[in-house]
Structure formats: C-alpha cells, structure tokens
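The following exercises ask the reader to work through a protein structure step by step. Please attempt each task before reading its solution.

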Amino acid sequence: MHIALMANINGNFPAFAAALSKIEELKEEGYRIEKFYILGNVVGIFPYAREIFDTLDDLIKKNDVRVIRGRYDQIIAEAESKRDIDTIGEPEYVKRALKHAWESLDHDGREFIRGLPIYLVDKIGGNEIFGVYGSPLDPIGGEVLPEQPQSYYEALMRPMRRYELLLIGSSKLPFEAFTRYGKVISPGSLGLVPTNGQNSTFAILNTEKLDAKFIEVGYERKIIEEKIKREGLPRELVKLLYHGRL
C-alpha cells in the first residue's frame, strides 16, 4: 500500500486539486493509495479556505485521511473572531489573508480546524509513525530544515527513536534523511513554494519499504492571482504566489 503525504496546502485549491488529480493517475498506474497524511497548514494565505474544507470533507468520506494542525491552522483555531487575528505577530498582509480564510470557512469549517490534533501517530505493520508540522519539540512554531548534516537529523530523531519514521510538514522543500534511529521525511510544500522556479511537491510513501517518492505538480497560478485581486486581498500575496518570498 502507499500513503499520500502532503503539507502546506495554504489555502491553494488549484494546487490541491492538481495533487489529487495526479494521485488518481498514480492509482491507474497501479499505486494502491487509500490513506492520506496532511501535515499542517491546510488553510493559509491563499483565498480558497472553503474550497479546501469542502474537498477534504469529500476525501475523508472515501479514504483514511489524517490531518494535523500547522501554524496558520493554529491561528484560525484560536481566533474566536476575525478581530483576534489582529493581535498575532504577523505582517499585515498575512493577517488580512487569514481573516479572509476565517470568514470563508464559516462555522463548520472553523470547527473542523479546531478539532485537528497537533500530532499524528500511526502504525504501519510493525512500524511506528510520528508526524508533526513544526518539530517534535515545538509542533507548531518549530521548523525542521532540509539539506542539513546527518548529525542534525540524528539529534532530531534521538528522542523519537521509538518511531521508525518521523514525518515533518514545516520544511518547504522535500527531503528524505536517514539516521541510525529512523528516517525523517518531508513532502515539501504543495500550496506555497519557497523560491522562484520551485515546483509544488507532495510525496507517496511506500508502506513496505518506508521510502518516499516525491511528486511535482503544476497548476495555473493566474487563476489564483485573479481571485486575490477580485477579493481585494494584498498584492504581496501575488508576489508570494509566483516567487515564494517578497
């Protein structure tokens, strides 16, 4: 069996739809994908929070889907009203984007986000799996970096050594790191790419070998740009959409 790993959808429905379409293609090629792990930042700075929630609702009805909170999900979960978002320590353009997400989710969508756990714990055969958005010691605010020395990942996995596999959502780049204790995997970022020219990615986890195949997907960014402008959202979001940074 295979598991689809995603992170950082960030309210980007076209990217999410492209990934789901690619997964259907992979099924036709023989991949048996019946489980999804979504490692945080389901909603975020792009203006499709409601569409993401509705699609997740349909996906959950047909598959085994495990979703955990990311940093932006946490902000939405803690906000009792849009005004609460004004108090967070984020740039104004992020606040405006998250207010849009909070409002468009409506009551049922916000309750879904509030019900998301912080950690993912699962068992595949005899292997224990642990998933988190940030890092094991700081599940929301932490960050695990890609392209680090093996000693970095050894230190990360040492207190988690009961688990064969540590899944991380906070890295915006995909990677697979081996340690003496187990393996660390990041599927990368689906909805918000970190740099200009970087493709959106997710991963397919082989449950027998516990290794990952990284998948790149493309989508039409112009559609999102037009919606950002139509909704009167900050132009900084357009720059992030195309370049991954301001």
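The exercises below concern a predicted model, and each task is followed by a worked solution.

**Exercise 1. Two helices and their angle**

Task: Determine how helix α2 and helix α4 are oriented, and state which residues meet.

Solution:
- Step 1. Helix α2 covers residues 49-62 and helix α4 covers residues 92-114; their axes come within 8 Å and cross at roughly 25 degrees.
- Step 2. Angles under 35 degrees count as roughly parallel, so α2 is roughly parallel to α4.
- Step 3. From α2, the residues in contact are Ala49, Arg50, Phe53, Leu56 and Ile60. From α4, they are Ala101, Ser104, Leu105, Asp106, Asp108, Gly109 and Phe112.
- Step 4. By class, the residues of this contact comprise 7 nonpolar, 2 polar and 3 charged.

**Exercise 2. A second helix pair**

Task: Carry out the analysis for α6 and α7, and then describe the surroundings of Glu225.

Solution:
- Step 1. Helix α7 spans residues 236-243, and α6 packs with α7 at an angle of about 170 degrees, the axes being 9 Å apart.
- Step 2. Angles over 145 degrees count as roughly antiparallel; α6 and α7 are therefore roughly antiparallel to each other.
- Step 3. On the side of α6, the contact is made by Arg221, Lys222, Ile224, Glu225 and Ile228. On the side of α7, Leu237, Val238, Leu241 and Tyr242 take part.
- Step 4. This contact has 6 nonpolar, no polar and 3 charged residues.
- Step 5. Glu225 belongs to helix α6, residues 221-230. Its relative accessibility is 9%, and because buried means under 20%, Glu225 counts as buried.
- Step 6. Leaving aside residues up to four places away in sequence, Glu225 touches Val238, Leu241 and Tyr242.

**Exercise 3. Aromatic pairs**

Task: Of the 6 aromatic pairs in the structure, classify those formed by Tyr153 with Tyr152 and with Phe175.

Solution:
- Step 1. The rings of Tyr152 and Tyr153 lie 5.0 Å apart, centre to centre, with 90 degrees between the planes; this pair is edge-to-face.
- Step 2. Tyr152 has 27% relative accessibility and so counts as partly exposed, whereas Tyr153, at 4%, counts as buried.
- Step 3. Between Tyr153 and Phe175 the ring centres are 5.3 Å apart and the planes stand at 40 degrees, so this pair is tilted.
- Step 4. Tyr153 lies in helix α5 (residues 150-157) and Phe175 in strand β7 (residues 174-178); the pair links distant parts of the chain, 22 residues apart.
- Step 5. Phe175 is buried, its relative accessible area being 8%.

**Exercise 4. Charges over rings**

Task: Which ring lies beneath the charged end of Arg110, and which beneath that of Lys227?

Solution:
- Step 1. The charged end of Arg110 sits over the ring of Trp102, at 3.7 Å from the ring centre.
- Step 2. The charged end of Lys227 sits over the ring of Tyr48, at 5.3 Å from the ring centre.

**Exercise 5. Positive phi values**

Task: Locate Asn8 and Leu210, and decide whether each is buried or exposed.

Solution:
- Step 1. Asn8 has a positive phi of about 55 degrees although it is not a glycine. Asn8 is placed in the loop between β1 (2-6) and α1 (13-28).
- Step 2. With 0% relative accessibility, Asn8 counts as buried.
- Step 3. Leu210, also a residue other than glycine, has a positive phi near 55 degrees. Leu210 is in the loop between β9 (200-206) and β10 (211-217).
- Step 4. With 10% relative accessibility, Leu210 counts as buried.

**Exercise 6. Two acidic residues and their contacts**

Task: Describe where Asp73 and Glu143 lie, and what each touches.

Solution:
- Step 1. Asp73 is in helix α3 (residues 71-78) and counts as buried at 0% relative accessibility.
- Step 2. Beyond residues up to four places away in sequence, Asp73 touches Gly40, Asn41, Val42, Val43, Ile68 and Ile113.
- Step 3. Glu143 lies in the loop between β5 (127-132) and α5. Under the rule that sets aside residues up to four places away, Glu143 touches Gly134, Ser135, Tyr152 and Ser170.
- Step 4. Glu143 and Ser170 are 27 residues apart in sequence, and their C-alpha atoms are 5.3 Å apart in space.

Note on methods. Residues numbered from 1 in each chain as written. Predicted model: local features only at pLDDT ≥ 70, side-chain atom pairs only at ≥ 80, totals over all residues. Heavy atoms only, no water. Axes fitted to C-alpha atoms, helices over the stretch in contact; angles between N-to-C directions. Helix = DSSP H or I, 4+ residues; strand = E, 2+ residues; numbered from the N terminus. Parallel < 35°, antiparallel > 145°, perpendicular 65-115°, else oblique. Contact = heavy atoms within 4.5 Å. Nonpolar A, V, L, I, M, F, W, Y, C, P; charged D, E, K, R; others polar. Phe/Tyr/Trp six-rings, centres within 6.5 Å; stacked < 30°, edge-to-face > 60°. Buried < 20%, exposed > 50% of the residue type's maximum accessible area, 1.4 Å probe, protein only. Lys NZ or Arg CZ within 6 Å of the ring centre and 35° of its normal.
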